[in-house]
Amino acid sequence: MGAAKRLCGGEAMQTASPVREEIRRLLEAVEPPRVALVEQRIASPPALGDVRAAVREALEEVELPKGSVAIGVGSRGVARIAEIVAALVEALKEAGAEPFIVPAMGSHGASTAGGQAEVLAHLGVSEERVGCPVRATMETVEVGRTPSGVPVYMDRLASEADAVVVVNRIKPHTAFRGAVESGPSKMLAIGLGKQRGAHAIHAAGWENIHRTIPEAARVAVGAGKVAFALATLENADEEPCRVVALPAERLIEAETPLLKEAKRNLPRLPFDELDVLVVDEIGKNISGDGADPNVTGRYPTPYASGGPKVGRMVFLDLTEETGGNANGVGLSDVITSRLERRMDRSATYMNALTSTVPDTVKTPMVMETDREAIAAALLMCAGVEPAEARLVRIRNTLSLRRMWVSEALLGQAEPGLRVLEDPRPMRFDAAGNLL
């Protein structure tokens, strides 16, 4: 039997080699379309010139607590987050408080205290940068239940503080639509609840989450520790354009109109239909789903929609900040072996177990190089000649001011698209990776 196994294994390996060579030859024959570097003009609010001054002005609208204050900070790549938190810490200290940072990111950071502290450090939120200690734990306490019976949890260290403040960006969620989506309410309901709390909210059903999050946020506020939330809005260039302090007692009502404003600021691709979308990098610091579905049009649940219709999508790499968490990878059709090697499956799978959405972590087709991955996507666009494909390449879903677009799209773009470099062949290095 052992000999049979060895024989079968040997035969499989012998068979795999010529098939792989055939795939390589097949993909080498695919000629990607010529692409032009373009820039889209996006009407967007100007960035804040003085973040510290903007924070201090916003804080005039709320009463600053005294005593120990836990500041919840999440894992998203919020623009200039270290400066924002440092200005908040400074103001709290002047008011007589003793602030400290707690990670408010659900199960991110591989669902460990050290991992969550490391995520904050990656984002620049460290004691040296913001002026107060970072204290991380995965321990939680139940602070109440929603009207439908969903338990609401809070970081133990935050629950033991005299007051709690959360800092978060307001933006559209990637998997549902509601009066509040991604922002302070979600951070109270999910982020501060750690893995246990995040799973409880998601397990109540994605069809209910637009109600569960505000209900859970009200429970968290009702526990009596939440003082206020400091919310930021960003413009199309990923820069903070507004900072608002939201009193705890009016959190949901105050956050709702800000979400509408954030949706107006959200940058989008200037095309309704694409054959291939190539994304250079994905990561949790960019979007909860690696690449923002509001941009790609690929959503992990049926409870959100919008964006372009994309035939095939390619992800090339992970960001450093994501720490190997490749959640969202399953929304693509092809990835590179480089991305697969950098993927921390435990951290990635924990994300799916917590959110109850397995599709985002399924492994798509894996190709050795950027060129092979793009060629494979082009080859799988039925009825489309590769050289004539409608292809867009972006750095990530936060960076949409400039992009590479194929010749077939130049005549279809919305007004305001300026060509910076004329169409030319896509350039790859000797290893087959994009330059």
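**Exercise 1. Place A121 in the fold and decide whether it is buried, partly exposed or exposed.**

Solution. Start with the secondary structure: A121 sits in helix α4, which spans residues 113-122. Keep in mind as you work that this is a predicted model. Next, take the relative accessibility of A121, which is 44%. Buried means under 20% and exposed means over 50%, so A121, at 44%, counts as partly exposed. Finally, look across to S75: the two residues are 46 apart in sequence, and their C-alpha atoms are 10.0 Å apart in space.

**Exercise 2. Find two non-glycine residues with positive phi, K194 and E238, and compare their settings.**

Solution. Begin with K194, whose phi is near 60 degrees. K194 belongs to helix α8. Its relative accessibility is 0%, so K194 counts as buried. Now turn to E238, where phi is about 65 degrees. E238 is located in the loop that links β7 (226-234) to β8 (240-247). Because its relative accessibility is 28%, E238 counts as partly exposed.

**Exercise 3. Which arginines lie over the face of a phenylalanine ring?**

Solution. Take R135 as your starting point: it lies over the face of F100, 4.5 Å from the ring centre. Then go to R371, which lies over the face of F428 at 6.0 Å from the ring centre. R371 is part of helix α14, residues 370-379. To see what else surrounds R371, set aside neighbours within four places in sequence; the contacts are then L27, E28, V30, E31, P32, F428 and G432. F428 thus appears both as the ring under R371 and in the contact list of R371. As a last step, relate R371 to the ring of the other pair: R371 and F100 are 271 residues apart in sequence and 47 Å apart in space, C-alpha to C-alpha. And how many aromatic pairs are there? The count is zero.

**Exercise 4. Describe the nonpolar cores, using L246 as a guide.**

Solution. First, identify the largest nonpolar core, which holds 48 residues. The residues with the most contacts inside this core are V164, L188, L192, I213 and L246. Helix α9 (residues 209-222) gives the largest share of this core, with seven residues. Next, zoom in on L246: beyond its neighbours within four places in sequence, it contacts V62, P184, F228, A229, A231, L251, A254, E255 and L258. Then add the second core, which is separate and has 37 residues, V73, M105, V125 and A245 among them.

**Exercise 5. How many cavities of 30 Å³ or more does the structure have, and what lines the largest?**

Solution. Searching the whole structure gives two such cavities. The largest cavity contains about 590 Å³ of space. Its lining is made of 41 residues, and those closest to the centre are R76, H108, H173, K186 and G288. Now map the lining onto secondary structure: β6 (163-169), α7 (184-189), α8 (194-203) and α13 (345-355) each contribute at least two residues. You have already met α8 as the helix that holds K194.

**Exercise 6. Decide whether S406 is buried or exposed, and list what it touches.**

Solution. Locate S406 in strand β14, residues 402-406. Its relative accessible area is 0%, so S406 is buried. Leaving out residues up to four places away in sequence, S406 touches P33, R34, V35, A389, R390 and L391.

Technical notes
Residues numbered from 1 in each chain as written. Predicted model: local features only at pLDDT ≥ 70, side-chain atom pairs only at ≥ 80, totals over all residues. Heavy atoms only, no water. Phe/Tyr/Trp six-rings, centres within 6.5 Å; stacked < 30°, edge-to-face > 60°. Lys NZ or Arg CZ within 6 Å of the ring centre and 35° of its normal. Core = buried A, V, L, I, M, F, W, Y, C linked by side-chain atoms within 4.5 Å. Buried < 20%, exposed > 50% of the residue type's maximum accessible area, 1.4 Å probe, protein only. Helix = DSSP H or I, 4+ residues; strand = E, 2+ residues; numbered from the N terminus. Contact = heavy atoms within 4.5 Å. 1 Å grid on protein atoms, 1.4 Å probe; cavity = no way out; pocket = protein on both sides within 12 Å on 5 of 7 lines; lining within 4 Å. Points joined across faces, edges and corners; volume = space filled by probe spheres on them.
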